[in-house]
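This report concerns one protein chain and the arrangement of its secondary structure elements. The sequence and the model are shown first.

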Amino acid sequence: MSERFWPEAKASIVLLPSGEQAESLLSLAGEWTKMGLLAPALWVLPEGVREAPVGPPRVEASVLGVGHDLEAARIRVDLFEALAREPLRVVRLVKLRSAAPSRQLDAEQDAIAERVRESVRKSMPMPNPNATILEQPTELKHATLICAPTEFELQQRVDWAGGEYGAVVVASPEDRSSPWSGDAFVRENDRFVGFTLLHLASVAGLWNGIATSSFELFRREESSHQSVWISRVFVNAVLTESLGRRTAARVLEEAARPESLLVDPSVSPPPAGTAFIPDELVSGYVGDMVDGAMSLDDGALAFRPPPPESEPPRRRIGFWAQLGRFFAFSGDKLVRMPYWAWRWISSSATRRLTRALHSDEGSAVVGPQYDEVFDVRDRILLADARRVRDDEQAARAQANAPARLAHVRTTPRLWARLRELVFGSLDGSADLSDLGFGPVEGKVPVFGRVSDVLALPGEPWSPPRGAAPEGFPDRVDWYALALEDPAERLEQWIAEAAGDDVAARSRVLDDFHGWAATQDRSFVWRLLARLRAERRAAERMSQHLSAEIDRTDIPRAGKLLRLRRGFHRTMLIAWSVGALLAVLAGIGMALVARQASRDPSFEPTPWLYGLRVAMLAIVSAVVLTTLGALIRYHVGCSRFERRVALQRARLVQLGRNSRHARQEATRLASLHRQTVDWLVLLSRAIHRPWHVPEKWTLRQHYEAARGAMPFALQVATVDDDDYAATARLRGIMTDQLVVRGWRHDAFESLVREVALERGVGGGAFGLTALDEDLPHSSNHTRQMLLAALDDEAVLTRVAGPRLNALVKVAQRDDLRGGRPHVSVLGDNPLGALVRQADSVDGGGDLPWDDFLLGSLAGRSDPVTPLSATSLADLEVGERHHERVHSYLVLPQRLESKLRFASHSPVSVVPVGEGAVAPADITWRVDIAGPVPQSAVRLWSARGARRSQAPAARIVAPPQVEDTGV
């Protein structure tokens with residue numbers, strides 16, 4: 001269950017009169033609530049009660065409080081829904097009747113109050129019939145408060161006074177700063193509103209930190225019919241938030257400035273559990289941080305190069321299969337030789353005929369071209385070669401294809417880890433052990449300066465007008481740095497200059513280097529340079545692969561023609577020479593045979609043997625030459641076929657890799673821009689986590705509240721001149737604020753406040769939604785959050801809870817222990833006259849506890865009678881106003897400082913100091929009663945006149961009931 005709203009499970013319902021008086025009371029109650037004097041209550045106006053056609057009425061109640069911007073807030077709620085949200089032990093229903101000469105009677109208040117009372121009674125949980133009163137789940141208490149100026153008398157009947165439920169309390173019409181001070185009387189002026197609210201807060205139990213009402217202090221069962229109680233109230237309060245709030249505002253203001261000494265490693269300690277990185281190690285940690293960022297989400301921010309090119313495997317053929325294929329190839333080539341010889345001869349004839357009849361510049365060519373005729377095997381190889389061109393066109397189309405949505409896809413893990421990396425490196429809010437920030441001796445290393453991680457993105461560099469290269473950006477910010485290196489552009493621009501232009505352009509480069517020197521050691525600068533290098537690598541790879549496609553050498557048909565011609569030329573020469581030598585050998589053999597026939601003595605055998613051997617050698621040479629030519633021809637065709645296969649495979653890989661590189665360049669361009677957006681958002685959130693309004697740092701004078709503050713309410717604030725107390729507060733608050741993860745907590749609060757501002761709930765706007773704002777599917781949450789960083793109202797609401805938390809810590813750990821001197825609020829005309837003693841001592845300041853005891857202690861007999869002006873003249877002698885019992889409600893530590901006689905009619909009600917309240921309050925209630933109604937001056941005028949003139953004729957009273965105002 002969430003933290004309960006009602007202190008000690010006690011809620012008060014205040015039924016106000018209608019008209020201007022109620023609005024004045026609510027306005028002043030808002031001021032007192034802002035000061036920290038009043039606790040929340042349900043304020044009901046008669047105008048807020050609307051009867052329903054069926055069922056109970058609808059009752060609108062106002063709840064006063066302080067918003068996140070520390071301004072008074074008024075929330076309107078349904079009364080019964082507010083009571084139903086949490087269990088309550090006590091519900092007080094207080095009806096206010098305030099009579100004044102300028103007010104008209106409110107005849108409807110009785111009926112409305114009774115309707116509300118009856119509905120509230122039905123709303124309470126039903127009691128257990130077997131339980132005692134103390135065991136009932138919720139106790140409903142009724143009270144009526146009547147306030148009027150001094151000596152004010154109603155001129156009409158007041159029969160309603162005897163019919164009220166619960167206690168009827170009449171505020172004693174006196175206004176004094178203590179029981180021993182003079183009476184300033186209660187008059188019809190601004191103080192009357194404060195007087196009424198003073199008694200109303202007492203009867204309804206609204207004093208902050210004191211969950212008790214005045215009519216709970218005495219035994220109401222003693223109240224008899226037609227009797228009332230007369231009450232006098234004194235309240236002394238020290239606004240503990242006065243100095244604490246201003247100091248806390250200054251601490252928040254300092255913490256929001258990255259260059260503040262409040263979070264500087266040279267003069268400030270690190271948050272508990274962390275250790276500042278020494279200056280000499282900052283560069284190394286920044287480098288590890290950049291490497292860690294590039295490795296996030298499996299290296300999503302880095303260029304992922306395509307796989308290296310690989311050759312397709314060669315076909316494997318069996319031994320005998322290869323011989324068969326070779327012999328088939330050889331036979332085909334040998335068999336086709338006559339055909340090719342005829343084609344060559346006919347081609348020569350057709351070329352001569354073309355030159356003879358058409359010339360080389362004629363309109364026709366006779367016959368087919370010899371070089372354009374191929375056999376079946378060649379046509380198969382050339383068909384594969386032509387497919388290379390198709391593959392080239394397909395590869396070029398792939399290289400130029402635009403990236404699709406799926407190519408820029410990322411995961412929320414990248415942005416979540418990048419956010420954790422940035423915040424964790426500054427405040428230790430995340431476990432970054434895997435990114436180079438492992439604990440050292442149990443402490444997490446963090447950067448002590450924000451500038452080591454994030455430079456302020458709102459400080460770009462702009463070149464002088466007209467003094468920059470063409471196309472150079474007008475302002476160099478993080479986005480421009482992520483695209484290119486401005487220094488390289490400027491250096492190239494200087495290299496192109498001549499004469500005096502070199503010096504002028506060099507000054508521009510020096511100015512840029514001066515600006516870059518303030519940021520180039522930071523994480524964001526190095527990361528942007530790394531992103532730029534990664535994207536440029538992808539772009540260069542894409543350009544290189546596209547150029548490789550353009551440089552692809554497509555196999556031509558001429559290669560096969562050259563192989564065929566070479567084979568035929570070899571065959572022609574070999575066979576021609578072989579034939580010639582064979583003819584010569586045959587002629588030799590014929591001559592030998594002829595010589596042998598003519599000359600019987602001639603021995604032909606050796607000659608014939610030699611010629612036969614020569615003939616065999618010639619045939620063998622021709623056969624070997626033919627075989628060698630066929631092998632060379634086959635090798636050439638195989639190489640041609642392999643080259644075609646390699647080119648086709650390479651083109652496929654080039655197209656795929658070029659497309660991959662192009663997609664990577666597109667992916668990185670989109671991803672890196674969103675990375676810059678994310679870094680800009682995080683940097684701005686870190687440089688300005690909240691907004692501290694100037695009025696928070698100023699001393700509040702409570703002008704509106706002081707003008708309506710009765711003398712019975714004394715308020716003081718903590719003295720600002722106590723430098724030691726201020727220094728202690730500053731140290732305590734800094735230790736409380738600057739803890740491990742404080743920057744990330746502020747960022748989460750900012751996201752929640754933006755969600756509330758835009759009315760977005762259910763996880764639609766939060767850290768998860770920010771992490772899921774992906775380039776391919778944006779939910780625009782980052783854009784909305786970036787716009788909210790300029791909304792001071794949202795940033796103020798981020799600072800509000802932190803300021804309240806710091807104030808409470810200061811109240812608990814310092815103010816309640818040291819309790820410095822306090823200064824009393826209020827305008828005293830006599831203060832313009834400075835006494836001699838004051839000029840020496842400084843005067844004006846009081847010890848904390850002495851101020852709180854001002855109306856409680858200091859006299860041995862602390863009880864004084866109430867003002868006789870509250871009683872009718874004829875009833876003063878009955879001494880009702882002297883039978884007074886005092887109730888002192890004070891912090892427990894002050895109980896021992898009270899000094900009064902043991903027989904004094906005083907009851908001390910100590911209040912524990914465990915809870916932290918914005919005001920340290922002592923409260924005194926003087927009660928007289930029960931008093932007969934006839935003894936109260938407020939409605940005794942008519943009776944007094946009757947007693948003074950008994951012979952007068954009795955006139956029937958007018959038929960109008962006096963309900964009060």
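The text below proceeds from the chain as a whole to strands, helices and one residue pair.

**Overall composition**

The model is predicted. Its protein chain holds 26 helices and 16 strands. Of the 965 residues in the protein chain, 48% count as buried. When contacts in the protein chain between residues at least 6 apart in sequence are considered, 79% of them join residues at least 24 apart.

**Paired strands**

Strand E3 (residues 58-66) takes part in two pairings, which are listed here with one facing pair of residues for each.

| Strands | Sense | Bridges | Residues opposite each other |
|---|---|---|---|
| E2 (residues 42-50) and E3 (residues 58-66) | antiparallel | four | Arg50 and Arg58 |
| E3 and E4 (residues 72-78) | antiparallel | seven | Ala61 and Val77 |

Strand E3 is thus joined to E2 by four bridges and to E4 by seven. The residue that stands opposite Arg50 is Arg58 in E3, while Ala61 stands opposite Val77 in E4. In a regular strand, side chains alternate between the two faces of the sheet.

**Helix H1**

Helix H1 covers residues 20-35, and its end C-alpha atoms lie 23 Å apart. This agrees with the 22 Å that its 16 residues should span, because each residue contributes 1.5 Å and the expected span counts one less than the number of residues. Buried residues in H1 include Leu25, Leu26 and Leu28, together with Trp32 and Met35. Gln21, Thr33 and Lys34 of H1 are buried as well. Just after H1, Gly36 adopts a positive phi of about 95 degrees.

**Packing of H10 and H20**

Two packed helices are described by the angle between their axes and by the distance between the axes. For helix H10 (residues 412-427) and helix H20 (residues 742-757), the angle is about 135 degrees and the axes are 8 Å apart. H10 is therefore oblique to H20, since an angle would have to be over 145 degrees to count as roughly antiparallel. On the H10 side, the residues in contact are Arg419, Phe423, Leu426 and Asp427; these meet Trp742, Arg743, His744 and Phe747 in H20. By class, this contact comprises four nonpolar, one polar and three charged residues.

**Gln663 and Ala538**

Gln663 is located in helix H16 (residues 605-687). With a relative accessibility of 14%, Gln663 counts as buried, because the cut-off is under 20%. Gln663 is separated from Ala538 by 125 residues in sequence, whereas their C-alpha atoms are 8.8 Å apart in space.

Terms used
Residues numbered from 1 in each chain as written. Predicted model: local features only at pLDDT ≥ 70, side-chain atom pairs only at ≥ 80, totals over all residues. Heavy atoms only, no water. Pairing = 2+ DSSP bridges. Helix = DSSP H or I, 4+ residues; strand = E, 2+ residues; numbered from the N terminus. Buried < 20%, exposed > 50% of the residue type's maximum accessible area, 1.4 Å probe, protein only. Axes fitted to C-alpha atoms, helices over the stretch in contact; angles between N-to-C directions. Parallel < 35°, antiparallel > 145°, perpendicular 65-115°, else oblique. Contact = heavy atoms within 4.5 Å. Nonpolar A, V, L, I, M, F, W, Y, C, P; charged D, E, K, R; others polar.
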